[in-house]
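Thank you all for coming. Please take a moment to look at the sequence and the model on the screen, and then I will walk you through them.

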Amino acid sequence: MGTSPEFWTNLEAKYRLHLAEKEKTYLDGAAHYLNNNSYMRHFKVRFSCGW
């Protein structure tokens with residue numbers, strides 16, 4: 001195909017980095033939701049009190 005192995009390795013690395021950044025964004029959003037949801041705060045308080 002006329003391309004070097006380094007080209008494909010770099011392309012794969014960039015793709016994996018893109019996927020990792022997407023996953024981090026998703027997980028950050030989920031953590032933000034769970035940390036700021038009043039329903040979850042209610043359970044955090046109850047569990048921290050030993051209920």
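Let me begin with a term: a salt bridge, as I use the words here, is a side-chain nitrogen of Lys or Arg within 4 Å of a carboxyl oxygen of Asp or Glu. With that in mind, and remembering that what you see is a predicted model, a search of the whole structure finds 2 salt bridges.

Before I come to these, a few words on the overall picture. The protein has 51 residues, of which buried ones make up 2%, and its secondary structure consists of 2 helices and 0 strands. The area that the protein exposes is about 4900 Å², and carbon and sulfur atoms supply 64% of that.

Now to the salt bridges, where I will start with Arg16 and its partner Glu12, whose closest N and O atoms are 2.6 Å apart. Both of these residues belong to helix H1, which covers residues 5–36, and they sit 4 residues apart, about one turn of the helix. As for their surroundings, Arg16 counts as exposed because its relative accessibility is 51%, and the cut-off for exposed is over 50%. Glu12, with a relative accessibility of 36%, counts as partly exposed.

The other bridge joins the side chains of Asp28 and Lys24, with a distance of 2.7 Å from N to O. Here, too, both residues lie in helix H1 and are 4 residues apart, about one turn of the helix. Is Lys24 exposed or buried? Lys24 has a relative accessibility of 52%, so it counts as exposed, while Asp28, at 42%, counts as partly exposed.

Let me turn from charged side chains to nonpolar ones. Which residues make the nonpolar surface patch of about 500 Å²? The patch is made by Met1, Phe7, Trp8 and Leu11. Of these, Leu11 is found in helix H1, and with a relative accessible area of 42% it is partly exposed.

Two members of the patch, Phe7 and Trp8, deserve a further look, since the structure holds 1 aromatic pair. The ring centres of Phe7 and Trp8 lie 5.0 Å apart and the ring planes stand at 80°, so the pair is edge-to-face; the reasoning rests on the cut-off for that label, which is an angle over 60 degrees. Phe7 is partly exposed, with a relative accessible area of 40%, and Trp8 likewise counts as partly exposed, at 40% relative accessibility.

To gather this up, we have met the salt bridge of Arg16 with Glu12, the salt bridge of Asp28 with Lys24, and a nonpolar patch that includes Phe7 and Trp8.

How values were computed: Residues are numbered from 1 along each chain as its sequence is written. This is a predicted model: local features need pLDDT of at least 70, side-chain atom pairs count only at pLDDT 80 or more; totals for chains, interfaces and linings use all residues. Side-chain values use heavy atoms; hydrogens and water are left out. Buried means under 20% relative accessible area, exposed over 50%, partly exposed in between (1.4 Å probe, protein chains only). Accessible areas come from the Shrake-Rupley method with a 1.4 Å probe; for residues, only the protein chains shown count as cover. Patches are made of residues with over 30% relative accessible area and no salt bridge: like charges are joined within 9 Å, nonpolar side chains (Val, Leu, Ile, Met, Phe, Trp, Tyr) within 5 Å. Rings of Phe, Tyr and Trp (its six-membered ring) pair if their centres lie within 6.5 Å; planes under 30 degrees apart count as stacked, over 60 as edge-to-face and the rest as tilted.
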